[in-house]
Amino acid sequence: MEIVHQLSQVQVLNQFWLLLFFIVPMVIISRMVVAGSRFSPILIIVIFGLLLGFLLVEVNIATPGLPELPLVDFMARTTIIALIVSFFVGGQELRKILGNKEMEVKDIVVPMNEEVVLGTGRTHFIFILRSFFLLIGIEGFMRMFLQPGSLDTVAGFYPLIAFIGLIASVILVDNKAQVGNKHVYIRKGLLETALIIIVLFISYAIAQEVQPIIALPQIFFAMMISAAIGAIFYNWTFGPTVRALLFAGIPVVLAANFMVGGSRIGDAFAIEGMNAVLFYGFFGQLFWMFGGIALVMFIAKTAHTRNLAPGMAGSLSHSGLTGACTAGDFGKVAAQRAPIMINIPFFGHIFVFSVLAISAEQGSLWFIPTAIIVTIGVVLTAMALNNLRNANGEDRKEVKALMQFSFGWQICAVFGGLALLSMSSMSFEYGAMAQTSAISHFGLFAAIQGEMFGVESSLLIPFIFSMPFLVHPVVFFMFGKAMENNGEMPKLPVYIMAIIGLIGISFAIFAL
């Protein structure tokens, strides 16, 4: 215990490397376990991360929340950085779709697929390392300017963390990948890193300016700005920064969050009202995920992952599916469509975050606007399902129908869920956390992590968000079976799990 105390208080540089050896092997091992199958490595990251966090506490190396290992929480709070890249790519794809622009842009890189570790090629291994250093370097750079007087135990080391992270990320470029123009490729990476930092500064400044009027979180403005940049530079071919964060940014962030969440397993159940939150979150995963899939399969008459994976990733802003789609686990078509679907519902987040901000201030759900928004969501979802059924496999029609579905089912899930939870005995803050975990909603997670609902919710959300991920073996198993079946999702199990989810959330709301 004394050694860990010294690491956390004095040898922060050693903690940096300790974090590296926690996170990167977790991501690589997860890819190794699923190598040769159609299953997503995020499934293994969920289990591995929660177990590691739990064991660190159980063997008395750390306490809940891992305050002895502050860089783990430091990494866990880089969610917004990984999302900015997804928003940028989504903005590009939206411009191409809505502006009838050329969909294929000639790439300048051919990855080296020689395996360094089973399941991970050389270039992808470099992407994982680069993502780690990018996330921690950019976060350190931001905190160096925005939180210089922080009481954080690592506050004095922000410049060092930023320097190591950013410099290492520049160096980590695969020299064996086939690159058309290496100097241009490297400069693209530097420019992309600089743009991410600029977006973070501008979005933070805007969020601070509008806070006295309405407490919209930084993630909302970061989304708007990065999506707009993507729409303007729709023909930008990716440099190493965007490539790395698209491939491994979300898995790395989730690995750190699951460690923090796993460390709280032991004591969080003792908190009054937590059982209902966790119960709703767990069964909400089944209901909102498989209920949405069931609607698409039953009404739209399509069961292919090219529609289901990006459609559900976008409609739920679902962190696990988002990471799996962008990493290419569900095929090239799903990977291309996912950034579009992730962006579409975020344009509706001006309603989500404004209503939630007002609701947070008054301590209860703002009901009349919620009822109006849910009605709009139901109408949009019905239109989307009809259009998807009539698309007849045509790419452009399917994409437009999925855009409608992503927006419609998103507001049905968010506001419909909050309306249901308002009937329970949960406080509004607990209800918001429960709904965030029930749909694995990355945007709401980032907002709560940013203290939209106070410090207590900010500290609890990694655990609340992590626990329903225990149902993700079912989610990824089903998508894995679909990929093994030429992309066709089995229907009967989906209907059964949707019904189980409905029964579960009803029990959480009315019986607990």
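# Notebook: helix packing, ring pairs and one buried asparagine

I began with the overall make-up and noted that the protein chain has 23 helices and four strands, keeping in mind that what I am reading is a predicted model. I then looked up burial for the chain as a whole, and found that 59% of its 512 residues count as buried. For contacts with a separation of 6 or more, I noted that 82% are accounted for by residues 24 or more positions apart.

**Entry on α6 and α8.** I turned to helix α6, which covers residues 122-146, and helix α8, which covers residues 182-210, and found them packed at an angle of about 40° with their axes 11 Å apart. That angle makes α6 oblique to α8, and I recorded their crossing as right-handed. Which residues of α6 and α8 make the contact? On the α6 side I listed Phe 127, Arg 130, Leu 134, Ile 138, Phe 141, Met 142, Phe 145 and Leu 146, and on the α8 side Tyr 185, Gly 189, Thr 193, Ile 196, Ile 197, Leu 200, Phe 201 and Tyr 204. Sorted by class, this contact of α6 with α8 has 13 nonpolar, two polar and one charged residues.

**Entry on α12 and α21.** I next looked at helix α12 (residues 274-300) against helix α21 (residues 455-466), where the packing angle is about 45° and the axes lie 9 Å apart. The two helices are therefore oblique to each other, and α12 passes α21 in a right-handed crossing. From α12 I noted Met 274, Val 277 and Leu 278 in the contact, and from α21 Leu 460, Phe 463 and Ile 464. In this contact of α12 with α21 I counted six nonpolar residues, no polar ones and no charged ones.

**Entry on aromatic rings.** How many aromatic pairs does a search of the whole structure find? The search gives 14 aromatic pairs, and I wrote down two of them in detail. Phe 132 and Phe 133 have ring centres 5.2 Å apart and planes at 90°, so I entered the pair as edge-to-face, and I noted that both Phe 132 and Phe 133 are buried. Phe 287 and Trp 288 also form an edge-to-face pair, with 4.8 Å from centre to centre and 70° between the planes, and both Phe 287 and Trp 288 are buried. I further noted a cluster in which ring pairs link Phe 279, Phe 282, Phe 283 and Phe 507.

**Entry on Asn 307.** My last stop was Asn 307, which is found in helix α13, residues 305-315. Is Asn 307 buried or exposed? Its relative accessibility is 2%, so I put Asn 307 down as buried. Leaving out residues up to four places away in sequence, I found that Asn 307 touches Thr 302, Arg 337, Leu 388, Glu 398 and Leu 402. I also looked up Ile 293, which is 14 residues from Asn 307 in sequence and 9.6 Å from Asn 307 in space, C-alpha to C-alpha. The helix around Asn 307 is mostly covered, since ten of the eleven residues of α13 are buried, including Leu 308, Pro 310 and Met 312. Just after α13, I noted that Ser 317 takes a positive phi of about 45°.

Methods: Residues are numbered from 1 along each chain as its sequence is written. This is a predicted model: local features need pLDDT of at least 70, side-chain atom pairs count only at pLDDT 80 or more; totals for chains, interfaces and linings use all residues. Side-chain values use heavy atoms; hydrogens and water are left out. Axes are lines fitted to C-alpha atoms, for helices over the stretch in contact, and angles run from 0 to 180 degrees between N-to-C directions. Angles under 35 degrees count as roughly parallel, over 145 as roughly antiparallel, 65 to 115 as roughly perpendicular and the rest as oblique. A crossing is left-handed if the near helix is turned anticlockwise from the far one by less than a right angle, and right-handed if clockwise. Contact means heavy atoms within 4.5 Å. Ala, Val, Leu, Ile, Met, Phe, Trp, Tyr, Cys and Pro count as nonpolar, Asp, Glu, Lys and Arg as charged, and the others, Gly among them, as polar. Rings of Phe, Tyr and Trp (its six-membered ring) pair if their centres lie within 6.5 Å; planes under 30 degrees apart count as stacked, over 60 as edge-to-face and the rest as tilted. Buried means under 20% relative accessible area, exposed over 50%, partly exposed in between (1.4 Å probe, protein chains only).
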